[in-house]
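Hi there,

Here is the structure I promised to pass on. Have a look at it first, and then read on for what turned up.

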Amino acid sequence: MARFIKTKNSHMKKEQKDFSYFQLKLREHIDSSFPDRSNDTKFIEQRARWAANAYEGAFRSGNPIPECEEIANSILFEGLHFSKFDSLFDVLTYEFADLFFEFEHRDFALKILPECQEVFAKYDLVDDFAYTTEYDFLYTELTGFIAIWIENNGIR
């Protein structure tokens, strides 16, 4: 019985480590590309747990580690490939570089993100949206929207 408990505890530590790894990985991605969801700890923990379980299951099924990682990542990042925030950040960086110091792009993108929801709502923002021709239209529309918004409200 003591041997079983020791093995079980070792497994629990390994599972906990996997969960922490995936939780950190997802948190970094969300903080970087989906900062408006940074406080959604329930979502982050649930996804990390699913990814850790998927990794563990794939590993136990005999899959190579890179494949286990790929399976876990597909669950971890599902629906989190296209980022409204990243799109805004790109538009600000490339189209409005002369108006901002480099460190201001992120803050302004966070400030204007809620204002841009109507623009984003016109598009079907699936994971691979950035690789479609529709993305070019969104980019152009965001550029115009931001120019008008800055003209009416300023950048400060």
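A salt bridge here is a side-chain nitrogen of Lys or Arg within 4 Å of a carboxyl oxygen of Asp or Glu. Please keep in mind that this is a predicted model. With that cut-off, Glu69 and Lys25 qualify, as their side chains meet at 2.8 Å, N to O. This pair links distant parts of the chain, with Glu69 in helix H3 and Lys25 in helix H1 (residues 2-33), 44 residues apart. Lys25 is partly exposed, at a relative accessible area of 21%.

**The overall fold**

The chain has seven helices and zero strands, which gives the pattern α-α-α-α-α-α-α along the sequence. Of its 156 residues, 35% are buried. Among contacts with a separation of 6 or more, 68% are between residues 24 or more positions apart.

**More salt bridges**

The search of the whole structure finds four salt bridges, and here are two more of them besides the one above.

Arg60 and Glu56 meet through their side chains in a salt bridge of 2.9 Å, N to O. Both residues lie in helix H2, four residues apart, or about one turn of the helix. Their surroundings are worth a look: Arg60 is exposed, with a relative accessible area of 58%, whereas Glu56 counts as buried at 12%.

Lys122 and Glu141 form a salt bridge at 2.4 Å, N to O. Here again the pair links distant parts of the chain: Lys122 is in the loop between H6 and H7, Glu141 is in helix H7, and 19 residues separate them. Lys122 is exposed at 56% relative accessible area, and Glu141 is partly exposed at 24%.

**A buried arginine**

Which side chain of opposite charge is nearest to Arg47? Arg47 is in helix H2 (residues 41-60), and it is buried yet has no salt bridge. The nearest side chain of opposite charge is that of Glu78, 5.0 Å away. A salt bridge needs a nitrogen within 4 Å of a carboxyl oxygen, so the pair does not count as one. The backbone of Glu78 does come into play, though: its oxygen lies 2.9 Å from a polar atom of the Arg47 side chain. Setting aside neighbours within four places in sequence, Arg47 is in contact with Leu26, Ile75, Leu76, Phe77, Glu78 and Leu80.

**Aromatic rings**

A pair of aromatic rings is described by the distance of the centres and the angle of the planes. The structure holds 10 such pairs. In one of them, the ring centres of Phe82 and Phe129 are 5.1 Å apart and the planes stand at 80°, so the pair is edge-to-face. Phe82 lies in the loop between helix H3 (65-76) and helix H4 (84-95), and Phe129 in the loop between helix H6 (117-120) and helix H7 (133-153), so this pair ties together parts that are 47 residues apart in sequence.

Are these two rings buried or exposed? Phe82 counts as buried at 8% relative accessibility, and Phe129 is buried too, with a relative accessible area of 3%. Phe129 also pairs with Tyr135: their centres are 6.2 Å apart and their planes at 75°, so this pair is edge-to-face as well. Tyr135 is likewise buried. Ring pairs link Phe82, Tyr123, Phe129, Tyr135 and Tyr139 into a cluster.

**Charges over rings**

There are two arginines to look at here. Arg37 lies over the face of Phe43, at 4.1 Å from the ring centre. The charged end of Arg49 sits over the ring of Phe19, 4.3 Å from its centre.

**The start of helix H5**

Finally, there is Glu104, which is placed in helix H5 (residues 104-112). At 15% relative accessibility, Glu104 counts as buried. Beyond its neighbours within four places in sequence, Glu104 is in contact with Leu99 and Arg156.

Happy browsing, and best wishes

Definitions and conventions. Residues numbered from 1 in each chain as written. Predicted model: local features only at pLDDT ≥ 70, side-chain atom pairs only at ≥ 80, totals over all residues. Heavy atoms only, no water. Helix = DSSP H or I, 4+ residues; strand = E, 2+ residues; numbered from the N terminus. Buried < 20%, exposed > 50% of the residue type's maximum accessible area, 1.4 Å probe, protein only. Lys, Arg positive; Asp, Glu negative; His and termini not counted. Polar contact = N/O pair within 3.5 Å; in protein donor to acceptor, adjacent residues only side chain to side chain. Contact = heavy atoms within 4.5 Å. Phe/Tyr/Trp six-rings, centres within 6.5 Å; stacked < 30°, edge-to-face > 60°. Lys NZ or Arg CZ within 6 Å of the ring centre and 35° of its normal.
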